[in-house]
Every structure is written in C-alpha cells, then in structure tokens.
Amino acid sequence: MVQLRNGALVLWLSLLLAGCATWPDRPAISAETAAAASVSGFADIRLYADADIEKWLQWRGRWQEDRRQTGASEPIQTLVISTGSDKGAFAAGLLKGWSDAGIRPAFSLVTGTSTGALIAPFAFLGPRHDDTLRTMYTTITGKDVFRKHPVEGLLGGASLADTAPLAGLIECYLTDRIVEDIANEHRKGRRLLVQTTNLDAQRGVVWDIGAIAASPDPRKVTLIRRVLLASASIPGIFPPVLIDADSNGQHVTEMHVDGGTVASMFVVPAAVMGSGDDSVIIETPASIDLIYNGTLQPRYEVVEPRTFTIIGRALETAIGAADRQSIAAYTQFAKRRGVRFSIWAIAADFPDEDHPFFDTEYMTKLYEYGRVTAFGQ
C-alpha cells in the first residue's frame, strides 16, 4: 500500500510538472528543412561548423573583401578560447597577463565556445575590458549562474537547473554599448565567432557575432545574448535555448545547447582541415593562440565507486582524449601551412582540489595562475 501511494505520488508530480512546462510544441520537420533554416532578418550570420568548403570559402571571401575595403592588411592573428566552465578564470587571467606585459596582440579573429563564448566578446574588444573579465571569473558564485531544481529535471523536465541568473548576468555585461563596440570592430574587418550545438541536427553552429551586431535589426542584442547563453548551456544540467528560424517560409524552432557538445574549441573549419589540398584559395592565419581552459595531460586520481563520480570521471576522460586528438590535428595543419600555433593550458601541477562549482577562492587562484603564466612565455 505504501509503495502504491509512493508510485501514485510520483505519477502525480510528473503530470503536475509536465502540465506546468512552458516549452512550446516543436513539430517534426525534415533534416533538409532544418539544414536550410536561417534567422529571419539576419543575413550571413552563421554556418554549420562542418559545412562544406565552398560555404566557408564564401564566408572567407566576404571577410577578405571587408578587409580590403577597410584597408586592413596586417596578418591574421587568431585567438581561440575553449570550454571549461569556471576554469575560464585561467583565460581571463592569461589575457590580463598579456595586457600587463604589453604583449597582447590585437587579434583579427576571436572564437569562443561555452565559457569561452562568454569571454570572447570582451577579449575581442581588448584590454579595456580586462577588469570585467576579472569580475566575472573571480567574484561570481554558483548561485549567480544557476538555480537547482533537480526534482523537475528528474521527473521529465528539460534540465536539473535553471539558468535565469546566468541570462541576467549576460544581459548585465553584454550591454547595447558593448554590442555597438563589437559592430564597430566588425566594420574594421575583424571577426568574432561563437559556437553552439544544434541538438536536433547534432551539428555545431558557428555564429558571426560581429555580423549580428552590425545588423540594423532591432533584435540583434537579444539574439546575441541568446547565442551566448546557448553556447554555455550544458545539456541536461542547464536548459537548452530555443532560437526561432525560417526555412523556405516554414517556421522552425531550433534547440541549441553548449557548443562543447560537438567540440571544445573552434579553430579551423573541418572542411579546410580535411581538404588535404594546400592549393585551396583560403587565407591562412599567421598565428593561432589557443587558450585551453583545462589540463591536457591525464591526471591520476583514485576514483570513488559512486555512480555520478564514475560518470563524471568517464566524461572528463573522453573529452580530454578527444581534445588531445583535435589539438594534434590542428598542430599538423599549422605546420603544413606555416602557421605559428601556440597552446596555453593549465599545467598538470596546478592544484585541482575538489571545490564547489564557481568557487571564488579557486577561481581567484586560477586567475592569478593564468596572469603569471603570461609572463613566462
């Protein structure tokens, strides 16, 4: 009888929570319809990360033409900022260290994924925003990022936590003025890219944030904020972000999640990496600096025999192995093309003790570690 009551209670809660869900119906569409979708009112603002080389050549051609018209002739210097959640403190500190040392380039291209996407706009705009990044990655706590609601998530909801606080932070820091500053830099021939994952399509999406910022569409600030939120939305833990699009007159509601779901970083389009043809007419960057917000070397650790500990450790292991493989491929690409490729990562000897998510003491130590690392190059 007790079991029956408990079962009935669970069923009742499930129905109650399902009834309170605010997610809209999303009718099934064909893969072809989804692939052709674009955000109405915005032109040439995104590409699939795995799009064919012709599409990437078209994007690069538009960029080259903009550079010619603005008189930008300096070699392309690229900054890539990876995933890493609260370990983004490393990137924030490293950027500050470069500024303090007077060795920070004015990067022509900046890309960011997940926590890297939150950092990228301020890295793109330069040293005057170093203090913003320091505040973001040394003073913000977990409660400033998410609110837990595990019962709803376990009983049919979309996530175990709510990212309303993170959305509020993005709105606070990514102001209309910041968006206009990004637009101005875009008009000078620089580019800012952010990666999300279209979960329906199982494909990475690369958004040209500067192109959105330079658009006359009044929704541009809102769209950029939603893209940044999506890029940092860990699937299952944080809710996905729905983005409205159109495909040949048909309305499409896309589900976007953390860009790190497909890759921890966006360095070079897959089509360019896999072409194997050095005669491809695509401008090669002079340098690529990759800030990897994590440790590339495997770490030995005695794992507790607990379900979530084992799952977490296994995911960390799989991601680390995939990232090392990707970086090895990027290294070979850079050697073949004569590109200077530098990797900045947290050394294995940095203490990685257990700490709460977005623990300010841990992040402050990591921020300072990143800042000091910049002086050791």
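Modeller: Helix axes whose angle is under 35 degrees count as roughly parallel, over 145 as roughly antiparallel, 65 to 115 as roughly perpendicular, and the rest as oblique. This is a predicted model, where local features need pLDDT of at least 70 and side-chain atom pairs count only at pLDDT 80 or more, while totals for chains, interfaces and linings use all residues. Residues are numbered from 1 along each chain as its sequence is written, and side-chain values use heavy atoms, with hydrogens and water left out.

Colleague: Then how are H4 and H5 oriented to each other?

Modeller: Helices are DSSP runs of H or I with at least four residues, and strands are E runs of at least two, numbered from the N terminus. Axes are lines fitted to C-alpha atoms, for helices over the stretch in contact, with angles from 0 to 180 degrees between N-to-C directions. Here the axes of H4 (residues 88-101) and H5 cross at roughly 20 degrees and come within 9 Å, and the two helices are therefore roughly parallel.

Colleague: Which residues of H4 and H5 meet?

Modeller: Contact means heavy atoms within 4.5 Å. From H4, Gly88, Ala91 and Leu95 meet Thr115, Ile119 and Ala123 of H5. The residues of this contact comprise 4 nonpolar, 2 polar and no charged; Ala, Val, Leu, Ile, Met, Phe, Trp, Tyr, Cys and Pro count as nonpolar, Asp, Glu, Lys and Arg as charged, and the others, Gly among them, as polar.

Colleague: How many residues of H5 are buried?

Modeller: Buried means under 20% relative accessible area, exposed over 50%, and partly exposed in between (1.4 Å probe, protein chains only). In H5, 11 of 11 residues are buried, Pro121 and Phe122 among them. Just after H5, Gly126 takes a positive phi of about 100 degrees.

Colleague: And what does H5 give to the largest nonpolar core?

Modeller: A nonpolar core is a set of buried Ala, Val, Leu, Ile, Met, Phe, Trp, Tyr and Cys residues joined through side-chain atoms within 4.5 Å. The largest one has 78 residues, and Leu79, Trp98, Trp207, Ile209 and Leu223 have the most contacts inside it. H5 (residues 115-125) gives the most to this core, with 8 residues. A separate second core has 16 residues, including Ile288 and Phe333.

Colleague: Is Leu228 buried or exposed?

Modeller: Leu228, in helix H11 (residues 220-231), has a relative accessible area of 3%, so this residue counts as buried. Beyond its neighbours within four places in sequence, Leu228 is in contact with Ala117, Leu118, Pro121, Ile170, Leu174 and Val194. For contrast, look at Ala167 in helix H8 (residues 164-173): at 30% relative accessibility, Ala167 counts as partly exposed.
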